[in-house]
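Student: Could we go through this model together? I would like to begin with the sheet and then turn to individual residues.

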Amino acid sequence: MARRLLVTGGAGFIGTNFVRYWRSSHPDDRIVVLDALTYAGNPENLPLDDDPDRFRFVHGDVTDAALVGSLFEAEAFDRVVHFAAESHVDRSLSGSAAFIRTNVLGTHVLLEAARRATSLDRFHHVSTDEVYGSLGPDDPPFHEGTPYAPNSPYAASKAASDHLVRAYHHTYGLPTTISNCSNNYGPYQYPEKLIPLAIVRAISGESIPIYGDGRNVRDWLHVEDHVRGIERILERGRVGEVYNLGGSAERANLDLVEMLCRAIDARFAADPALAARFPSAPAARGATTGSAIAFVTDRPGHDRRYAIDARKARAELGFAPTHTLESGIAETVAWYLGHEAWWRRVQDAEYRAWIDRHYGEKR
């Protein structure tokens, strides 16, 4: 039976990958994407010229209660998949207001519309492992019952939204699920997060910044595995439950970047044309990409370690990553090398101004 999905933040990194995956795996379903097209949202990621019976893009804000209410009324959604969020920790340190507005107030607006809907059978909220705080080197990984202890404004805003979703299930009977995921990487990620930032800076001949001593540890999950995990939750997950999704791939940031540098060196060695395309890259000048690594002052409150225990998702949903970290990093490096026009455009001020002019005011 065909479903009608609202995907918030569907022009961002994880949302884009979810939309593309869902359209290929569930071709009869109708998807409505609601996205504010902030700096990290790119409409070119989406099939804007596709069959209007299968796909609709709405340029709008999740905090706009009138717009959200009108979409629920017009579309009679079966499912909501809520990705829309401000998500970059560094930005939350210098300006937290946008994080509270989008992540907390926006989630509340969606929940209010969802509880009035009569057709909805699932409201899935996409969250982060950062709500759990920081682990010591020998602590067991985060599980679904780990107490929340957010340490950044970003993490606190996501924790608040998680609590709202849980409350709407217990108070109003809203059919919710929540996923808390480890660090994602892969295609279409805006080049401010560690992996795409390191790739773009390295091949552009710039330094690769590493916070502090580089020993902060993260668990990494390829975005394609993440969206498959969300599909499993939507299809098999128990209403009212939380599922942790992780890659079982813990690495210190420095070790991860060194792996990435080796993958870049291998690509340049295999394809001599890359040196002509990216002449400033160390690998084009006979040096190793790792020579571009530079240690910078650590950010305030930098959590030392995250790790995910995904046994519940594996046992109940059959969830398991299909990418190893090594294969996923190699594929991601290849994607950014092959999509230079994409990452140059999304960082270009004139391109962002064109998006603002083309899409005009949010609707």
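Tutor: The discussion below covers the sheet, its helices, the aromatic pairs and two single residues. Please keep in mind that this is a predicted model.

Student: In what order do the strands of the open sheet run?

Tutor: The order is E3-E2-E1-E4-E5-E6-E10, seven strands in an open sheet with parallel pairing.

Student: And which are the edge strands?

Tutor: Strand E3 (55-59) and strand E10 (242-245), each of which pairs on one side only. On average, neighbouring strands of this sheet are turned by 15 degrees against each other, direction ignored.

Student: How many bridges join E4 to E5?

Tutor: Four bridges connect strand E4 (residues 79-82) with E5, and the two run parallel. Within E5, His125 is the bridge partner of His82.

Student: Which strands does helix H4 touch?

Tutor: Helix H4 (residues 97-116) packs on the sheet and touches strand E1 (4-8), E4 and E5. The direction of H4 makes about 165 degrees with that of E5. H5 also packs on the sheet, touching E5 and strand E6 (176-181), and its direction makes about 155 degrees with that of E5.

Student: Changing topic: how many aromatic pairs are there?

Tutor: The structure holds 16 aromatic pairs. One of them is Phe72 with Phe77, edge-to-face at 5.3 Å centre to centre and 85 degrees between the planes. Phe72 and Phe77 are both buried.

Student: Why is the pair of Phe99 and Tyr154 edge-to-face?

Tutor: The ring planes of Phe99 and Tyr154 stand at 70 degrees, with centres 6.3 Å apart, so the pair is edge-to-face. Phe99 belongs to helix H4 and Tyr154 to helix H5, so the pair ties together parts 55 residues apart in sequence. Phe99 and Tyr154 are buried as well.

Student: Where is Glu130?

Tutor: Glu130 is in the loop between strand E5 (122-128) and helix H5 (153-172). Glu130 is buried but has no salt bridge.

Student: How far away is the nearest side chain of opposite charge?

Tutor: That side chain is Arg299, 5.2 Å from Glu130. Beyond four places in sequence, the contacts of Glu130 include Tyr154 and Tyr306. Tyr306 is also part of an aromatic cluster with Tyr132, Phe142 and Tyr148.

Student: One last residue: is Ala263 buried or exposed?

Tutor: Ala263, in helix H8 (residues 253-270), has 15% relative accessibility and therefore counts as buried. Leaving out residues up to four places away, Ala263 touches Ile329, Ala330 and Val333. The C-alpha atoms of Ala263 and Ser327 are separated by 9.6 Å, although these residues are 64 apart along the chain.

Definitions and conventions. Residues numbered from 1 in each chain as written. Predicted model: local features only at pLDDT ≥ 70, side-chain atom pairs only at ≥ 80, totals over all residues. Heavy atoms only, no water. Buried < 20%, exposed > 50% of the residue type's maximum accessible area, 1.4 Å probe, protein only. Lys, Arg positive; Asp, Glu negative; His and termini not counted. Salt bridge = Lys/Arg side-chain N within 4 Å of Asp/Glu carboxyl O. Contact = heavy atoms within 4.5 Å. Pairing = 2+ DSSP bridges. Axes fitted to C-alpha atoms, helices over the stretch in contact; angles between N-to-C directions. Phe/Tyr/Trp six-rings, centres within 6.5 Å; stacked < 30°, edge-to-face > 60°.
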